[in-house]
Amino acid sequence: MIVSFTATDHLHMAHALRLVERGLYTTQPNPRVGCVIAHGDAVVGEGWHRFAGEPHAEVFALRAAGERARGATAYVTLEPCAHHGRTPPCADALIAAGVARVVIAAEDPFPQVDGRGIGTLRAAGITVETGLLREAVRELNIGFFSRIERGRPWVRVKLAMSLDGRTALANGESKWITGEAARNDVQRWRARSSAILSGSGTVLADDPRLTVRELGDVDFQPPWRVVLDRQLRTPAGSHVLDGSVPTLLLHEPIASCADDRFGRVERIAIATAQEGLDLRAVLALLAGRGCNELHVEAGPTLCGALFAAGLVDELLLYVAPLLLGDSAHPLMHLPTLTDMAARWRLQTIEQRQLGGDWRLRLRPT
């Protein structure tokens, strides 16, 4: 059935979407959800989900509305839950509050919800309509939907390059290709991710921290670090071994270490495939641990392997107006093509200037 939503419906759901953005950095592994309760044009309550384990958006909105929730319409960006998890069912809370109508942007694919919230509300006599601004909600929760529907996180690869497509000088020096504005922007993409992944080659070359710098007044949950180190090459004293944030170090089953340098990280053996770790197994493991969005900052070999395997969902490409020359490191190592029909096509989702640099968001088509 095609539902005809009013201008007022659009207004309130857009309001709920703005509330979703307030939980952009804090809700993992839960989805980001907003809720608005209204009588006609008048908003009587609003809320958003803030942290996993704490009340959901509907509960905050109902608390704000109080008795005014009775007979109102609730605008919720994601199907209300109908099961007892760490919090009681939101569908039951909406029923108890006496709302007359619930407008839902997107259905929740989580197996314990997946239509049950809608069914519970309708069984209680509440009018339920779905689909208003669905794609916008899915975009804000792109990692959650990827993990539940595909069994792997949304993989976003960050790269910084010169105009001639180079990421570092031949001697490995890469600080700094881009300016401060672009580097600050990267911190926000790191902060919204569940985990930051890199490879042992990058650890050996750059000794990165793979953490998020302070973001002013923005709260965030520090993403965990994931290092692919097939042969356990990460040296003692590396920043990724400092225990400052939870860290997974993934290696091949036969790799061993005689010292205690990995005592502050969790080591996990992963099956190998061709010349490296099985990347699909890596992503499945991370999804099983609740990873929604995976932020990758690695060298051309690992980035190229992910891309060639069809495992990159989005490129976050920072382009600086400079040239590094033919001997500098390439963006990615990819298989040689002999036919232009086989070229990799990318769609530009967004482009933005940051200081003197450009940020492109690209997705394989």
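This report walks through two sheets, the helices lying across them, and a few single residues in a predicted model.

## The five-stranded sheet

Let's start with the smaller strand numbers. Here 5 strands make an open sheet with mixed pairing, and the order runs S2-S1-S3-S4-S5. The edges are taken by strand S2 (42–48) and strand S5 (127–130); each has a single partner strand, so one side of each has no neighbour in the sheet. From one strand to the next, the twist averages 15 degrees.

Strand S4 (residues 101–106) is a good place to look at the details. S4 is mostly covered, with 6 of its 6 residues buried. S4 runs parallel to S3, and 5 bridges join them; in that pairing, alanine 74 sits opposite valine 102 of S4. S4 also pairs with S5 in the parallel sense, this time over 4 bridges. Two spots to click on there: arginine 101 has threonine 127 in S5 as its bridge partner, and isoleucine 104 stands opposite threonine 130 in S5.

As for helices, H2 (residues 57–65) lies across strand S1 (34–39), S2 and strand S3 (73–78). The angle between H2 and S2 is about 140 degrees.

## Proline 80

Which loop holds proline 80? Proline 80 is found in the loop between S3 and helix H3 (90–97). Despite that loop setting, proline 80 counts as buried, because its relative accessibility is 0% and the cut-off for buried is under 20%.

What does proline 80 touch, once its neighbours within four places in sequence are left aside? Its contacts are Glu58, Cys90, Ala91, Leu94, Ile104, Val113, Gly117 and Leu121. One of these, Ile104, is the residue that stands opposite threonine 130 in S5. There's also a C-alpha separation of 9.3 Å between proline 80 and glycine 115, which are 35 residues apart along the chain.

## The nine-stranded sheet

The other sheet is open too, with 9 strands in the order S11-S10-S9-S8-S14-S6-S15-S18-S17 and mixed pairing. Strand S11 (266–269) and strand S17 (346–354) are the edge strands, each pairing on one side only. Ignoring direction, neighbouring strands in this sheet are turned by 20 degrees against each other on average.

Further in, strand S6 (residues 154–161) pairs with strand S14 (residues 293–296) in the parallel sense, over 4 bridges. Within that pairing, valine 155 has leucine 294 in S14 as its bridge partner.

## Helices H7 and H10

Helix H7 (residues 180–191) lies across S6, strand S8 (195–199), S14, strand S15 (314–319), S17 and strand S18 (357–364). Relative to S15, H7 runs at about 165 degrees.

H10 lies across S6, S8, strand S9 (224–228), S14, S15, S17 and S18, and runs at about 115 degrees to S8. Which residues of H10 (residues 300–308) are buried? They are Pro300, Leu302, Cys303, Gly304, Leu306 and Phe307. Just after H10 comes glycine 310, with a positive phi of about 75 degrees.

## A nonpolar surface patch

Leu334, Leu337 and Trp344 form a nonpolar patch on the surface, and together they have about 240 Å² of accessible area. Leucine 337 lies in the loop between strand S16 (329–330) and S17, the latter being one of the edge strands of the nine-stranded sheet.

How does leucine 337 count, and why? Leucine 337 is partly exposed because its relative accessible area is 37%, and that class lies between the cut-offs of 20% and 50%.

Note on methods: Residues are numbered from 1 along each chain as its sequence is written. This is a predicted model: local features need pLDDT of at least 70, side-chain atom pairs count only at pLDDT 80 or more; totals for chains, interfaces and linings use all residues. Side-chain values use heavy atoms; hydrogens and water are left out. Buried means under 20% relative accessible area, exposed over 50%, partly exposed in between (1.4 Å probe, protein chains only). Two strands pair if DSSP finds at least two bridges between them. Axes are lines fitted to C-alpha atoms, for helices over the stretch in contact, and angles run from 0 to 180 degrees between N-to-C directions. Contact means heavy atoms within 4.5 Å. Patches are made of residues with over 30% relative accessible area and no salt bridge: like charges are joined within 9 Å, nonpolar side chains (Val, Leu, Ile, Met, Phe, Trp, Tyr) within 5 Å. Accessible areas come from the Shrake-Rupley method with a 1.4 Å probe; for residues, only the protein chains shown count as cover. A salt bridge is a side-chain nitrogen of Lys or Arg within 4 Å of a carboxyl oxygen of Asp or Glu.
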